[in-house]
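Q: Could you take me through one part of this model in close detail? I'd like to know where its residues sit and what they touch.

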Amino acid sequence: MTCTSSAPDDLLFRAEQGGCLSREEILELLSLNDAEHVEHLYRSADRVRAACVGEEVFLRGIIEFSNHCMNNCRYCGLRRDNRQAVRYRMDDDEILDLAEAIEDRGCGTVVLQSGEDLHYTRERMCAIISNIKARTGLAITLSIGQRPFDDYRAFRDAGADRYLLRHETANPELFAELCPGRSLEDRIQCLRWLKELDYEVGMGCMVGLPGQTAEDLADDVLLIRELGADMIGIGPFIPHEETPLKGSKAGDAGMVLRMLAVIRLVTRDTNIPSTTALGVLDGDSRMKAFKAGANVFMPVFTPQDCAKRYEIYPGKGDVKKADGAINDFREFFGAMGRPMGKGPGGRRKRP
Ligand code: 5AD
Ligand code: SF4
């Protein structure tokens, strides 16, 4: 059967019904540029979101516990060669206290995020994970980069539930250019291991990377579908002054929203955050994302002095911290009739 469609509304209708979209059709949706059709795309994604994951917005509290990184990604302010970055590491007790604060504030999940920092060995991470599990009822999401299979297995055995590892771009040449010493193939291998270990797995990419095409973005959607991601984070590329990509153009907020909507249509019941990067690029879009497929909000619980040093891209350290951000969002969601999610809010519903 060939999947073709003449009018965007026909295509959207089929996408909303859960029809399998071809690469060309995904590209067509990503390329919509008249306001009316774009609005229809957002509304379709919003209806699929409501039908497949409901009205609740789930909160994930993030702790950025170390900004050391042994990698040298050309887009990222935490890259090894950025000598201007002031580095920090939190100790285990500090992480545990923050996890408790996250539970107290009503979040069901803690996200432990860092650069790739082997100072946190397998054993140390396992101790942190099992202590959080002993002290709280939180689901634990790790976001600490590429590790050997045995590390992933040990973290899972210690109690980790989910793992975020963005694939960054599905274009293997672009990946190799932007992440020196790394390959997309290895990244995908890690994602397959995480699936095998029964984590809920998060993927995602940046939009607007220098040299990235709309076709590359369609391939991102296909890769996300192929690997069966449970969570998908999409944000704009934002150039950082202390990286080789300084002076490049930032990604386009509209394209981020279209990606998010298309990914909701294709993946149906996944968890999709409105990302911090989208909010930094354009505050309105961070809210719009919740009307275009998003169902997750990730407040930052990293204390101010560390948060301002966790500068992956400029402006990241200035985002409102947990309490203020949660209050803002409570107001916004309340007005939209969207309740705060209760419990861990995983893709696999717990009995
Ligand atoms: N702009 C936007 N997002 C970035 N990331 C890294 N550098 C940038 C940047 N300059 C994203 C990557 C990474 C995540 C932690 O932050 O997708 O996986
Ligand atoms: Fe390190 Fe992640 Fe930044 Fe790459 S994107 S330099 S792995 S923190």
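A: Happily! In this predicted model, let's look at the loop between β4 (162-164) and α7 (172-178), where Asn 171 has its place. With a relative accessibility of 16%, Asn 171 falls under the 20% cut-off and therefore counts as buried. Its side chain makes a polar contact further along the chain: the side chain of Asn 171 reaches the backbone nitrogen of Leu 174 at 3.1 Å. Leaving aside residues up to four places away in sequence, Asn 171 touches Leu 184 and Asp 216.

Thr 169 also belongs to the loop between β4 and α7. Its relative accessible area is 1%, so Thr 169 is buried as well. A polar atom of the Thr 169 side chain lies 3.1 Å from the backbone nitrogen of Asn 171. Put side by side, the side chain of Thr 169 pairs with the backbone nitrogen of Asn 171, while the side chain of Asn 171 pairs with the backbone nitrogen of Leu 174.

As for the surroundings of Thr 169, again not counting residues up to four places away in sequence, this residue touches Leu 174, Phe 175, Leu 184, Cys 205, Leu 209, Gln 212 and Asp 220. Leu 184 is a partner of Thr 169, and Leu 184 is touched by Asn 171 too. Leu 174 likewise turns up twice: Thr 169 touches Leu 174, and the backbone nitrogen of Leu 174 is what the Asn 171 side chain reaches.

Definitions and conventions. Residues numbered from 1 in each chain as written. Chains lettered and ligands numbered in written order. Predicted model: local features only at pLDDT ≥ 70, side-chain atom pairs only at ≥ 80, totals over all residues. Heavy atoms only, no water. Helix = DSSP H or I, 4+ residues; strand = E, 2+ residues; numbered from the N terminus. Buried < 20%, exposed > 50% of the residue type's maximum accessible area, 1.4 Å probe, protein only. Polar contact = N/O pair within 3.5 Å; in protein donor to acceptor, adjacent residues only side chain to side chain. Contact = heavy atoms within 4.5 Å.
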